[in-house]
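Me: I'd like to learn how to read a few features of a model like this one. Could you walk me through them?

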Amino acid sequence: MQRAIQALTLLASLLMLQAALLAQKNLPALPPALFDEPYRPQYHFTPAINWTNDPNGAVYFDGEYHLFYQYNPFGDQWGHMTWGHAVSPDLVHWQQLPPAIPEENGIMIFSGSVVVDRNNSSGFCKNPNAPVLEQQAVACLVAIYTGHTEKSTNGEPLQTQNIAYSNDRGRTFTKYAGNPVIDLHLSDFRDPKVFWHAGTKRWAMVVSLPKEHKVRLFTSKNLREWGPLSDFGPAGATDGFWECPDLFELPIIGEPGKKRWVLSVNINPGAPAGGSGNQYFVGQFDGTRFTNDNPPDKKLWADDGKDFYASTSFSDVPDGRRIWMAWMSNWDYARDVPTSPWRGGMTIPRELSLKRLGNELRLTQQPVVELEQLRENAFSADNLSVEAANRLLAQRSFGESYEVEVALALGKSSSAGIKVRTDKQNEATSIGVTSKSELFVDRTKSGVGSMNANFPGRHVAPMVPDAGVARLHIFVDRSSIEVFGGDGETAITDLTFPYLERHGVEFFSEDGNATIQYLKIWKLKSAVRY
């Protein structure tokens, strides 16, 4: 019965989406194999059809996680930026809703955030079902986004900060008549992230000045009137544009009661793997100014793969966790990936903390525990040689979507690891560790890679094994690999496009005899097909 209800809910959602899109333009009908296309992720969020990039407005409200995202209602290439919308009860099963905030009057809706205005500081929160004379203030959702005008009155692009509000749990938004709420008359001024700062009892906004490699902080009492606080930057990586900032406080693992603030800034281009990526700074925020704990030239990367960008964290998560997601692609080739009728998707949601490595704090990322509900057909083994593990794995198929936990003792090997989505022609994505204290993902032989010269590659991150043992947590989906090393202090996210029917898994060891201390593999059920 539950699956039948889920199926009807999904069908109704898709019909609502198609009706909304057809109302905007004469679009083709949804294909009959929707959500079962060859490269369609089975437990990552992707839109039913068309282009998506940055996640926006991640927030928990009234029993639902809301994910808004940059969306083109009219095609599978970037353009006509509108906020798409999906909701989930558990961060795993997403129901796609009609677009939330549309492009209008020549103003595209660029990235931003959503907050729960619990005390009606904005004056926008009303009970839509109560008579006008009996209206009582209630909590509502307020979106803060960048409005992008391609040609303003002087013929140049213009980016301003704007707000919209919803009194029906995010299903519809009303744009504020007094927009824009911040206008610096700049062509590049975007991606506001707003949060409530308890210490100063006011709203704070961090927004990027991309070309200046800075973020600017603003404050407000009512979400409508904003004043400047301070700037941070340039610092860290400054080779490309700074975009999609986020600012939040995190606990330190193993140090009860101690916390530090993290300023996340996405940069394009300039990431270690090439193209777009995510850097972060660790420090303190006093409600007015962010202070970096590290020297200004110190570069810290949240993910050393090619496909982790425009990260944003969820506001108001009820148990206090800090969870974020990112766009799982790269501006180097996002327009070229071989998917249809959609293009673009999100990483799995990840819980964040800080961990002290030596004298420095580092960001850690762990897959949210809610993903465990997808596990089935567990396989486990302990204390194996590579040869013994491969004999066991040769008898099994884990399909196209699975999860791996493994502890590798490198011994005297120069490198060792696991190959996923393999075939008899030696096609595979290789995931491993080296004697040089590195974690790597090699997708040079992972399948389709000729769509763009910047796609194939081997991506490397620093990782120091614990007493000679490297612990890896790996998520494989139809067109992606996400690898977490140790306690999640190292991460590599890469898209892959294997040729069909590549289901093999095998281990490798070079110049030595690495051993497998423990191994667990689960097939993962689809979260999109009921």
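Reply: We'll go through one buried acid, the largest pocket and some backbone oddities. This is a predicted model, so local features need pLDDT of at least 70 and side-chain atom pairs count only at pLDDT 80 or more, while totals for chains, interfaces and linings use all residues. Residues are numbered from 1 along each chain as its sequence is written, and side-chain values use heavy atoms, with hydrogens and water left out.

Me: Is Asp303 buried or exposed?

Reply: Buried means under 20% relative accessible area, exposed over 50%, and partly exposed in between, using a 1.4 Å probe and protein chains only. Asp303 counts as buried because its relative accessibility is 3%. It lies in the loop between β17 (290-292) and β18 (309-313); strands here are DSSP runs of E, at least two residues, numbered from the N terminus.

Me: Which side chain makes a polar contact with the side chain of Asp303?

Reply: A polar contact is a pair of N or O atoms within 3.5 Å; within protein, one must be able to donate a hydrogen and the other to accept it, and residues adjacent in sequence count only if both atoms are side-chain atoms. For the side chain of Asp303, the partner is the side chain of Arg350, at 3.3 Å. A polar atom of the Asp303 side chain also lies 2.8 Å from the backbone nitrogen of Gly305.

Me: What about the largest pocket: how much space lies in it?

Reply: On a 1 Å grid over the protein atoms alone, a pocket is an open set of points where a 1.4 Å probe fits, with protein on both sides within 12 Å along at least five of seven lines; lining residues have an atom within 4 Å of a point. Points are joined across faces, edges and corners, and the volume is the space filled by probe spheres set on them. Here that comes to about 740 Å³. The lining has 33 residues, and the closest to the pocket centre are Phe195, Trp196, Ser315, Asp316 and Arg322.

Me: Which strand gives the most to that lining?

Reply: That's β14, with six residues.

Me: And the backbone oddities?

Reply: Look at the prolines and the phi angles. The peptide bond from Gly233 to Pro234 is cis, with omega near 0°, and the one from Ser340 to Pro341 is cis too, with omega near 5°. Leu223 isn't a glycine, yet its phi is positive, near 70°. Leu223 counts as buried because its relative accessibility is 0%. His80 is another non-glycine with positive phi, about 50°, but it counts as partly exposed, at 38% relative accessibility.

Technical notes
Helices (H or I, at least four residues) and strands (E, at least two) are DSSP runs, numbered from the N terminus.
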